[in-house]
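This briefing sets out selected features of one protein chain for readers working at the bench. The sequence and structure are shown first, and the points that follow are grouped by topic.

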Amino acid sequence: MAYFVLPGKGKRVYRLAIACRIVDGTARGARDRSPAGLARRRTRVLRRALRPSRRLRIGLGPWLRALPAQLPDPALTAMLARLDPHVRVAYVLRHMEGLPRYAVRDQLIELRVRDPWPVIRAADAVPPPSARRSGRFESALRPVRTRSAAPLVTAALLTAALVAALVMTDDGDAPAPRAPRLISAAPDAWTRGRTLDAWPPRGDLVRDRAFTGRAAAAWEAAPGERAARRPGGAAQLLYAGRVDGAPLAVLRLGGQIARYTHGGLDVATAGADPSAPIALGGGRYLLAPWDPGPETLAGERLATFSGVTAPARASTGCGRGPLFHVGERTVGDLGGPRATVLGYHSPDYRPARTERPARLGAEGQKFWNRLACQTEPSQPVSEAMAWNFWSGTVPHGGKHADWVCTRWTPIGGAATARATLLGEKDKATGSCDARRPVSGTWWRSPSGRWYYLAAAGRGLVPHAEGVDRSTTKNRLLVAPGARPAPVTLTAR
């Protein structure tokens with residue numbers, strides 16, 4: 001990771017030696033090898049690799065002598081060297097380390113990136129190079145010692161002896177610290193109530209108490225807001241098994257879900273939706289125990305094992321979009337820790353008093369494949385409903401466009417709705433009413449003249465105050481204007 005994040009090109013041997021030196025310099029003893037410690041160490045490695053000190057080039061001999069015979073492929077190194085530093089970090093974390101978007105976002109915030117989402121989108125848009133071999137390489141490197149370890153060993157022994165003496169002189173009344181508790185639902189609990197509390201633990205490592213205990217301890221030790229501490233609180237085990245050959249545990253406490261691997265701990269706010277699939281990484285999802293067998297977007301069976309789906313990834317260039325069908329729902333990846341239920345209404349839709357979940361058809365899938373790459377919620381959402389309330393040709397030399405009002409239901413928050421004009425150049429056009437959509441924007445025609453455009457849903461007519469000589473046809477209002485000016489828009 002440090003090797004690929006380092007700036008510049010240079011010779012690969014020196015680059016790899018500096019990367020090894022950075023990693024060796026962040027090692028601080030056995031206590032930092034816990035999952036929480038490894039996460040903190042990853043942040044330190046990234047910070048030093050982003051802005052390496054020139055002093056790292058002095059005295060590189062021990063690290064140069066410890067390099068492996070095979071070096072990483074130069075094609076990927078050269079491609080990464082051309083990227084912006086933070087985009088390079090996001091690319092390495094997303095496409096080489098395999099971290100989900102929300103984990104990459106958290107890591108970028110730790111690196112003091114104020115607005116991480118554009119950085120992640122830029123990294124996802126980078127085409128992979130035509131490398132001769134995989135960019136990820138396994139080296140047999142060992143930490144390089146530049147001084148004797150005897151003083152450290154002596155100090156450790158003296159410290160242990162002193163601690164033992166203090167313990168023996170204690171009155172013995174202090175209780176020993178308790179290990180973090182894990183709870184599990186009964187295998188048939190979900191048949192009596194469909195809640196997250198009723199999810200039984202699944203996976204082939206559920207009975208491995210050493211592994212699940214390490215996962216609980218890692219969450220208990222997580223710093224700050226990620227800690228799972230509360231009076232009488234105990235984390236619920238949802239999954240413990242091997243995903244793509246790597247051990248993985250999924251824990252839950254309230255509205256938070258933690259994913260634990262030997263490489264670290266990721267904690268995210270995931271809400272209390274009992275049925276939303278949980279992202280495990282690599283395109284795999286953990287389904288609710290009562291869910292029917294999932295199907296691909298083409299209607300074919302999607303394999304599952306212990307509640308975990310086979311890899312299912314969006315077919316879009318940005319990595320977001322529809323994934324698979326579960327019963328009457330279609331779920332997709334919008335960058336959150338859980339899959340999002342996606343819905344679609346065509347321009348002919350009329351609002352009903354009640355709505356039942358419906359699968360996306362071919363038209364809805366095609367629409368969401370485009371919309372998911374053009375809009376991205378600022379926080380994870382459990383449901384997203386897109387109403388393409390107007391579709392047609394924009395006048396005065398414009399081309400075909402769709403006006404959509406998308407209702408986002410964030411995890412643990414109130415729903416909001418935003419309008420987007422999807423055309424030759426997509427444009428966000430402000431808030432909208434998800435049941436009576438109307439939206440407008442100033443638009444510059446190919447001839448260079450300004451017009452105010454507004455459209456409303458079926459059965460409504462847009463009205464604009466602040467423009468002159470407006471005309472309305474097929475629910476599209478068009479008004480010329482000298483320059484963009486404030487407009488009050490309503491629908492009747």
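In this predicted model, the side chain of Arg329 makes a polar contact with the side chain of Asp291, at 3.0 Å. Arg329 belongs to strand E12, which covers residues 329-333. With a relative accessible area of 15%, Arg329 is buried, because the cut-off for that class is under 20%.

**Surroundings of Arg329**

- Once neighbours within four places in sequence are set aside, Asp291 is one of the residues in contact with Arg329.
- The other residues in contact with Arg329 on that basis are Ser275, Phe324, Val341, Pro357 and Arg359.

**The chain as a whole**

- The chain contains 11 helices and 23 strands.
- Of its 492 residues, 46% count as buried.
- Among contacts in the chain with a separation of 6 or more, 59% come from residues 24 or more positions apart.
- The accessible surface of the chain amounts to about 26200 Å², and carbon and sulfur atoms account for 52% of that area.

**Nonpolar cores**

- In soluble globular proteins, nonpolar side chains tend to be buried together.
- The largest nonpolar core of this chain has 39 residues, of which Leu80, Val89, Tyr91 and Leu108 touch the most other members.
- Helices H1 (2-5), H2 (12-26), H3 (35-50), H5 (74-81), H6 (85-96), H7 (101-110) and H8 (116-124) are the elements that give two or more residues to this core.
- The greatest contribution to this core comes from H6, with seven residues.
- Leu80 is in contact with Phe4, Arg88, Tyr91, Val92 and Met96, leaving aside neighbours within four places in sequence.
- A second core, separate from the one described above, has 18 residues, including Ala401, Leu421, Cys432 and Leu453.

**Disulfides**

- How many disulfides does the structure hold? There are two, and with bonded cysteines counted along the chain they follow the pattern 1-2, 3-4.
- One disulfide is formed by Cys318 and Cys373, whose sulfur atoms are 2.1 Å apart. This link of Cys318 and Cys373 is left-handed, with -80° about the S-S bond.
- Cys318 lies in the loop between strand E10 (308-309) and strand E11 (321-326), and Cys373 lies in helix H11 (residues 362-374), so the pair ties together parts that are 55 residues apart in sequence.
- Cys318 is buried, at a relative accessible area of 14%, whereas Cys373 counts as partly exposed, at 25% relative accessibility.
- The other disulfide joins Cys405 and Cys432, with the sulfur atoms 2.1 Å apart. The link of Cys405 and Cys432 is right-handed, with 90° about the S-S bond.
- Cys405 is located in strand E15 (residues 400-410) and Cys432 in the loop between strand E17 (427-431) and strand E18 (438-444), so this pair ties together parts that are 27 residues apart in sequence.
- Cys405 is buried at 2% relative accessibility, and Cys432 is buried with a relative accessible area of 13%.
- Cys432 is also among the residues of the second nonpolar core.

**A buried glycine in a loop**

- Gly271 is found in the loop between strand E5 (264-269) and strand E6 (278-281).
- Is Gly271 buried or exposed? Gly271 is buried, with a relative accessible area of 13%.
- Gly271 and Ile411 are 140 residues apart in sequence, while their C-alpha atoms are 5.1 Å apart in space.
- Not counting residues up to four places away in sequence, Gly271 touches Leu196, Gly254, Gly255, Arg338 and Ile411.

**Strand E20 and its partner**

- In a regular strand the side chains alternate between the two faces of the sheet.
- Strand E20 (residues 462-465) has a covered face, made up of Pro462 and Ala464. The uncovered face of E20 holds His463 and Glu465.
- E20 pairs with strand E23 (residues 488-491) in the antiparallel sense, over four bridges.
- Within E23, Ala491 is the residue that stands opposite Pro462.

Definitions and conventions: Residues numbered from 1 in each chain as written. Predicted model: local features only at pLDDT ≥ 70, side-chain atom pairs only at ≥ 80, totals over all residues. Heavy atoms only, no water. Buried < 20%, exposed > 50% of the residue type's maximum accessible area, 1.4 Å probe, protein only. Pairing = 2+ DSSP bridges. Contact = heavy atoms within 4.5 Å. Areas by Shrake-Rupley, 256 points an atom, 1.4 Å probe, with all protein chains shown as cover. Core = buried A, V, L, I, M, F, W, Y, C linked by side-chain atoms within 4.5 Å. Polar contact = N/O pair within 3.5 Å; in protein donor to acceptor, adjacent residues only side chain to side chain. Disulfide = S-S within 2.5 Å.
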